[in-house]
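Subject: Structure for your review

Dear colleague,

Please find below the structure that I am handing over to you. My notes on it follow directly after, and I would be grateful if you could read them beside the coordinates.

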Amino acid sequence: MTLPGMAGKMGEMDINDASLVIVAHPTRGLVDEKFHVDVLNLRPHQPITLHSVFQSEENDFWEAYGHYISDSKGMVKADETESLGGSFTGKDPMGLIWSMKPVPGSRTGLRFRKRDVQTPYVVHISVFDGHISSGFNEKSALACTVMERWYMAPGVCRIDIRQDGVQGTLFLPPGPGPFPGILDLWGGGGGLVEYRSALLASHGYASLALEYLFQKNRSEKSAVIGEQYFEAAFNILKNHPKVASERVGLFGLSFGTSVALAMAGNSTTISPKCLVCVSGSHVFPVKESLSGVFAEMKTNMNKLKVDENNHLIWRNLILPIPTDPDKKVNVGNIRCPLLLIVGEDDQNWPAPECAVDIENMMKKAGNDHLLTKLSYPGTGHLIETPYSPHTRFSNFMLADSREKVIVLWGGETKPHAYAQEDSWRRILKFLERHLYQRSVL
């Protein structure tokens, strides 16, 4: 497949379009940085389509597009001119990223995730005459431009960690330090996921992306991974010469939230400075080993449901929320600020219900002043870094059987995109306040 907009030769344009210009700036930036797209020298009131596309590391193409009409001066400014239709509407050039979907005919169940954070993902933005919604790779564009979107800022250092049985990747900001530290914990998909840690380091945090659910021999390894493994990882980060040892926090997504809450609520050997917990639960606390947690979950497999497309819905696995305190992390023991973020359309995990119970438990314990809760309507489970394409469902490999299924994560594209942008802004402010100890507005 050729990149859309490249079907014809760019030099063979109608003479009336010869001076048409598309400008995207910045052409190189971080993935959480907004960009601007302007199209100049159009005809007055000319209908056009702005189309974006990138090719993933798995060679899948993702695209988005918006329909515009130029003003009386023949200009379209994507942050001032409204997209009237397409994959997104409104005055938001970032819709060219967050509304991306796999192109028609792609493999099913795709989810965009950057694996090599030392390279950018490259976005091609093209201008087409008229309002079109398909067949972009068969048409010639009026003009094109290219942008690079990075997770790693210049000067960020990536270090493989293989120490005391712990595996992960440490990202250090440029400069002598010491920097506040963040132990970054992803969810049940397992493997080593680096892109959020790379972005956190780009904002001044020494971030350790921890691998703890291994793709190979998961059952055997989960039997020996528990509190001690996570405490060892925390201490490796804390004791690094470029890390401010008294300013280390935890960041968990999905099952990573369960780990983060358990470390903060149960551990007698570590004291995180703050917690960020996204789309997670306090049920099935992590103790001696992960295998004990998974064994407990298996007893509830009869609660699994599927939607009309046979996509798995897991949220009922831990509903109703247990009243037995032994089945939950004792969040009343948490002694540091907690930012809890949930999507109200989370179909994978009952994060909204868990958030209510966490708040009630903390009120009863008298530490609810430490809790900040953000709840987003129309938002699913995978609340990622800003402008990440929304994934409502995707392929998932079951840990024990290695069977590939499709899991329903939930969310609607536009509100989910808003949640990702707003929550990230608030996360950075929260981290700055509690790890850099600065007053922020």
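Which backbone nitrogen lies 3.5 Å from a polar atom of the side chain of Ser83? The backbone nitrogen in question belongs to His67. Please bear in mind throughout that this is a predicted model.

**Ser83 and its surroundings**

Ser83 is located in the loop that runs between strand S6 (76-77) and strand S7 (85-86). Its relative accessible area is 1%, which is under the 20% limit, and Ser83 is therefore buried. Besides the contact with His67, the side chain of Ser83 reaches the backbone oxygen of Gly85 at 3.0 Å. When residues up to four places away in sequence are not counted, Ser83 touches Gly66, His67, Tyr68, Phe88, Thr89 and Gly90. His67 thus appears both in this list and in the polar pairing with the side chain of Ser83.

**Cavities**

Six cavities of 30 Å³ or more are present in the structure. The largest has a volume of about 90 Å³. Its lining consists of 13 residues, and those nearest the centre are Phe251, Ile383, Glu384, Thr385 and Trp424. Two helices, H2 (195-202) and H8 (413-435), each supply at least two residues of this lining. H8 provides the largest share, four residues. By character, the lining of the largest cavity divides into eight nonpolar, three polar and two charged residues.

The second largest cavity holds about 60 Å³ of space. It is lined by Glu227, Phe230, Glu231, Val259, Ala262, Met263, Asn266, Ser267 and Val286. Helix H4 (227-238) and helix H5 (255-266) are the elements that give two or more residues to this lining. H5 gives the most, with four residues. The lining of the second largest cavity comprises five nonpolar, two polar and two charged residues.

**Aromatic pairs**

A search of the whole structure finds 18 aromatic pairs. Two of them are described here. In the pair of Tyr151 and Tyr195, the ring centres are 5.3 Å apart and the planes stand at 50°, so the pair is tilted. Tyr151 belongs to the loop between strand S10 (143-150) and strand S11 (157-163), while Tyr195 belongs to helix H2; the pair therefore ties together parts that are 44 residues apart in sequence. Both Tyr151 and Tyr195 are buried.

The pair of Phe255 and Phe294 is also described as tilted, because its ring centres are 5.7 Å apart and its planes stand at 35°. Phe255 lies in helix H5 and Phe294 in helix H6 (residues 290-298), so this pair ties together parts that are 39 residues apart in sequence. As for accessibility, Phe255 has a relative accessible area of 5% and is therefore buried, whereas Phe294, with a relative accessible area of 22%, is partly exposed. Phe255 and Phe294 also belong to one aromatic cluster, together with Tyr212, Tyr229 and Phe230. Phe230, a member of that cluster, is also one of the residues that line the second largest cavity.

**Backbone features**

Which residues does a cis peptide bond join with omega at about -5°? The bond joins His25 and Pro26, and Pro26 is found in the loop between strand S1 (21-25) and strand S2 (28-30). A cis peptide bond also joins Gly177 and Pro178, with omega at about 0°. Pro178 is found in the loop between strand S12 (166-172) and strand S13 (179-185).

Positive phi values in residues other than glycine deserve a note as well. Phi of Asn41 is near 70°, and Asn41 has its place in the loop between strand S3 (36-40) and strand S4 (47-55). With a relative accessibility of 42%, Asn41 counts as partly exposed. Phi of Asp164 is near 55°, again a positive value in a residue other than glycine. Asp164 is found in the loop between S11 and S12 and, at 63% relative accessibility, counts as exposed.

With kind regards

Methods:
Residues are numbered from 1 along each chain as its sequence is written. This is a predicted model: local features need pLDDT of at least 70, side-chain atom pairs count only at pLDDT 80 or more; totals for chains, interfaces and linings use all residues. Side-chain values use heavy atoms; hydrogens and water are left out. On a 1 Å grid over the protein atoms alone, a cavity is a set of points where a 1.4 Å probe fits but cannot get out, and a pocket is an open set with protein on both sides within 12 Å along at least five of seven lines; lining residues have an atom within 4 Å of a point. Grid points are joined across faces, edges and corners, and a volume is the space filled by probe spheres set on the points. Ala, Val, Leu, Ile, Met, Phe, Trp, Tyr, Cys and Pro count as nonpolar, Asp, Glu, Lys and Arg as charged, and the others, Gly among them, as polar. Buried means under 20% relative accessible area, exposed over 50%, partly exposed in between (1.4 Å probe, protein chains only). A polar contact is a pair of N or O atoms within 3.5 Å; within protein, one must be able to donate a hydrogen and the other to accept it, and residues adjacent in sequence count only if both atoms are side-chain atoms. Contact means heavy atoms within 4.5 Å. Rings of Phe, Tyr and Trp (its six-membered ring) pair if their centres lie within 6.5 Å; planes under 30 degrees apart count as stacked, over 60 as edge-to-face and the rest as tilted.
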